[in-house]
Amino acid sequence: MELHIYPVINNYGLKYNTTDPYKFLRSNEKGINYNSGWGVNTSKKCIEVMLVEEDIKKIQSNRKVRLVLSLHEDSTSIGKGYIWTNALGTKLRRSIQDKLKSKIDKKLLTNMKENEVQGGKVEVGFTIVDAQDVGSFENWLAEDLKIPVVLSESPFGLSLATRKKFHIRIIEASLSSIVT
């Protein structure tokens with residue numbers, strides 16, 4: 001098994017805190033959003049996005065990519081975390097969900113309602129399934145490259161140890177589910 005890590009693509013945002021304007025948290029010095037433009041032919045794309053796209057396409061051309069994990073912290077769900085899965089079969093998704101229910105304190109898992117998600121659907125309260133977000137990293141991988149994706153949104157505002165543990169549980173559940 002190979003593992004490729006692309007750390008902190010939107011690193012410019014780390015200079016600011018969540019009370020600063022949104023553009024400082026999500027955009028580079030030219031005002032281009034790091035979370036947009038994936039797989040889209042546009043001049044409004046960060047150099048980091050172009051470099052990672054190129055690298056992933058190169059990797060995919062040489063080997064089968066079985067899963068991508070995308071780790072985030074969602075500042076809109078204070079104290080709660082969830083996963084967003086695209087292009088995962090039902091069996092794999094259920095395996096991951098079941099493992100997470102037994103490994104993560106349910107106080108940390110959000111309980112979304114169906115109408116809270118545009119596109120896609122909500123399963124077991126903490127999973128968004130096949131949501132469409134054109135231009136996002138996860139949508140590009142799943143829709144264009146046909147690579148299954150698990151996006152983890154750790155519980156915002158909690159200790160670093162709690163957020164790290166949340167992501168580690170997502171990684172463990174996802175990897176153990178694809179190897180079985």
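**Exercise 1. Placing T110**

Between which elements does the loop that holds T110 lie? Decide also whether T110 is buried or exposed.

Solution. The model is a predicted one.
Step 1: T110 sits in the loop that runs between α3 (90–103) and β3 (121–123).
Step 2: The relative accessibility of T110 is 15%. Buried means under 20%, so T110 counts as buried.
Step 3: Leaving out residues up to four places away in sequence, T110 touches K80, G81, Y82, G125 and F126. Of these contacts, Y82 belongs to strand β2 (residues 82–86).

**Exercise 2. The chain as a whole**

State how many helices and strands the chain has, and in what order they come.

Solution.
Step 1: The chain contains five helices and five strands.
Step 2: Read from the N terminus, their order is α-α-β-β-α-β-β-α-β-α.
Step 3: The radius of gyration is 16 Å, close to the 16 Å given by the globule rule for 180 residues, so the chain is as compact as a globular protein of that length.
Step 4: Along the principal axes, the C-alpha atoms fill a box of roughly 45 × 45 × 30 Å.
Step 5: Of the 180 residues, 41% count as buried. The chain exposes about 10600 Å², and carbon and sulfur atoms supply 53% of that area.
Step 6: Among contacts between residues at least 6 apart in sequence, 66% join residues at least 24 apart.
Step 7: The chain carries 27 positive and 21 negative charges, and the mean positions of the two sets are 5 Å apart.

**Exercise 3. Strand β2 and its partners**

Find which strands pair with β2, and in which sense.

Solution.
Step 1: β2 (residues 82–86) is mostly covered, with five of its five residues buried.
Step 2: Y82, W84 and N86 point one way from the strand, while I83 and T85 point the other way; all are buried.
Step 3: With strand β5 (residues 149–156), β2 pairs in the antiparallel sense over five bridges. Within this pairing, Y82 stands opposite E153.
Step 4: With strand β4 (residues 127–129), β2 runs parallel, and three bridges join the two. Here W84 has I128 as its bridge partner.

**Exercise 4. L69 and a distant part of the sequence**

Determine how far L69 is from L151 in sequence and in space.

Solution.
Step 1: L69 is found in strand β1 (residues 68–78).
Step 2: L69 and L151 are separated by 82 residues in sequence, yet their C-alpha atoms are 5.8 Å apart.
Step 3: Apart from neighbours within four places in sequence, L69 is in contact with V150, I171, S174 and L175.
Step 4: The relative accessibility of L69 is 27%, so L69 counts as partly exposed.

**Exercise 5. What covers helix α4**

Name the buried residues of α4 and elements that cover them.

Solution.
Step 1: Helix α4 (residues 137–144) is mostly covered, since six of its eight residues are buried.
Step 2: These residues are F137, E138, N139, W140, L141 and A142.
Step 3: The cover over them includes α2 (47–62), β1, β2 and β5.
Step 4: After α4 comes K146, which has a positive phi, near 60°.

Note on methods
Residues numbered from 1 in each chain as written. Predicted model: local features only at pLDDT ≥ 70, side-chain atom pairs only at ≥ 80, totals over all residues. Heavy atoms only, no water. Helix = DSSP H or I, 4+ residues; strand = E, 2+ residues; numbered from the N terminus. Rg over C-alpha atoms; globule rule 2.2 N^0.38 Å. Buried < 20%, exposed > 50% of the residue type's maximum accessible area, 1.4 Å probe, protein only. Contact = heavy atoms within 4.5 Å. Areas by Shrake-Rupley, 256 points an atom, 1.4 Å probe, with all protein chains shown as cover. Lys, Arg positive; Asp, Glu negative; His and termini not counted. Charge placed at Lys NZ, Arg CZ, Asp CG, Glu CD. Pairing = 2+ DSSP bridges.
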